[in-house]
Protein chains: 2
Amino acid sequence: MKDVGILVLGHGSSLPYNRELVESLAKMISKNHPGPVRTAYLNMNHPNIQEGLESFAGAKVNKVVALPLFLAHGVHTRQDIPRELGVDEQKRRGRVLIGGDEVEVVCAEPLGVDECIAALACKRAEEAIR
Amino acid sequence: MKDVGILVLGHGSSLPYNRELVESLAKMISKNHPGPVRTAYLNMNHPNIQEGLESFAGAKVNKVVALPLFLAHGVHTRQDIPRELGVDEQKRRGRVLIGGDEVEVVCAEPLGVDECIAALACKRAEEAIR
């Protein structure tokens, strides 16, 4: 797994909160992943996705997982992210040149429906009425 | 807590996935909450936020928690949602007429940084390289 990079993808925002969330979660993810973990943003923030891919140059990875910190699929995950990564929109994977080396790039699924998200949402509701 | 309604808020999308996620999570949330749980969307889908508020008419709630299924604060949670709810943007709460009755509406925080989100993201990364 040391030769697998993870590119954590955020939506980006004109406010600082999306970046703060993405950077904090990327730090948590890097504790569980032996390979390099980088961040990139679809809109407004930098590094953008192209810059995020290039950040793996020299990192000796043969695969990069593009990991969208999005709750659900949508136009961003189905079209924009594969297009920005330069991979096939249907397969959501492909081979991309990074620092002159061909690297396999694979899009992960968004977070999706999970009991832990529902439990976290319930916690936020309880906090709001305390 | 039976007199507290939860209005689960999604971003909305031209694709069906955001709605599917919001409806599934709202069902999970309703298992843990004795009061009425409804859904609404900021963009593109219905019920919109105004329709979502009105759906509590006759439900005998004295408070509604607007619970955004958003990962982080941004323009949507800071400005758009309070504005659509008709509450103060700074306090993110206020009193709103629903079915002729004055009801307190309180915005909950977004999901935010949590180890469970990082763990779920790691799971999605592992699935992508299997």
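**Exercise 1. The covering of helix 3**

Task: In this predicted model, determine which elements cover the buried residues of helix 3 of chain A, and establish on which side or sides of the helix those residues lie.

Solution.
Step 1. The covering elements of chain A include strand 1 (4–10), helix 2 (49–54), strand 3 (63–68), strand 4 (93–98) and strand 5 (101–107).
Step 2. Helix 3 of chain A spans residues 75–85, and its buried residues are Thr77(A), Ile81(A), Pro82(A) and Leu85(A). These residues cover an arc of only 100° around the axis, which places them on the same side of helix 3 of chain A.
Step 3. Just after helix 3 of chain A comes Gly86(A), which adopts a positive phi of about 80°.

**Exercise 2. The relation between the chains**

Task: Identify what rotation and what shift superpose chain A on chain B, and state through which surface the copies meet.

Solution.
Step 1. Two copies of a chain are related by a rotation about an axis and a shift along it.
Step 2. Here the rotation is 180° and the shift along its axis is 0.0 Å, and chain A is superposed on chain B with an RMSD of 0.0 Å. This is the relation of a two-fold axis.
Step 3. In chain A, the C-alpha nearest the axis belongs to Cys116(A), at 3.2 Å from it.
Step 4. Of the interface residues of chain A, 100% are also interface residues in chain B, so the copies meet through the same surface.

**Exercise 3. Helix packing across the interface**

Task: Describe how helix 1 of chain A and helix 4 of chain B are oriented to each other, then treat helix 4 of chain A and helix 1 of chain B.

Solution.
Step 1. Two packed helices are described by the angle between their axes and the distance between the axes.
Step 2. The axes of helix 1 (residues 17–31) of chain A and helix 4 (residues 115–128) of chain B cross at roughly 60° and come within 9 Å. Helix 1 of chain A and helix 4 of chain B are therefore oblique to each other, and their crossing is right-handed.
Step 3. On helix 1 of chain A, Leu25(A), Met28(A) and Ile29(A) make the contact; they meet Glu115(B), Ile117(B), Ala118(B), Ala121(B) and Cys122(B) in helix 4 of chain B.
Step 4. For helix 4 of chain A and helix 1 of chain B, the axes come within 9 Å and cross at roughly 60°. Helix 4 of chain A and helix 1 of chain B are therefore oblique to each other, with a right-handed crossing. Helix 4 of chain A contributes Glu115(A), Ile117(A), Ala118(A), Ala121(A) and Cys122(A) to the contact, and helix 1 of chain B contributes Leu25(B), Met28(B) and Ile29(B).

**Exercise 4. Backbone features in the loops**

Task: State whether the peptide bond from His46(A) to Pro47(A) is cis or trans, and whether Lys60(A) is buried or exposed.

Solution.
Step 1. Most residues other than glycine have a negative phi, and most peptide bonds are trans.
Step 2. The bond from His46(A) to Pro47(A) is cis, with omega near -5°. Pro47(A) lies in the loop between strand 2 (37–41) and helix 2 of chain A. In chain B, the bond from His46(B) to Pro47(B) is cis, with omega near -5°.
Step 3. Lys60(A), a residue other than glycine, has a positive phi near 55°. Lys60(A) is located in the loop between helix 2 and strand 3 of chain A.
Step 4. Exposed means over 50% relative accessible area. Lys60(A), at 74% relative accessibility, therefore counts as exposed. Lys60(B) has a positive phi of about 55° and is exposed, with a relative accessible area of 75%.

Definitions and conventions
Residues numbered from 1 in each chain as written. Chains lettered and ligands numbered in written order. Predicted model: local features only at pLDDT ≥ 70, side-chain atom pairs only at ≥ 80, totals over all residues. Heavy atoms only, no water. Buried < 20%, exposed > 50% of the residue type's maximum accessible area, 1.4 Å probe, protein only. Helix = DSSP H or I, 4+ residues; strand = E, 2+ residues; numbered from the N terminus. Arc of directions from axis to C-beta. Contact = heavy atoms within 4.5 Å. Least-squares fit on C-alpha atoms with pLDDT ≥ 70 in both. Axes fitted to C-alpha atoms, helices over the stretch in contact; angles between N-to-C directions. Parallel < 35°, antiparallel > 145°, perpendicular 65-115°, else oblique. Left-handed = near helix turned anticlockwise from the far one by under 90°.
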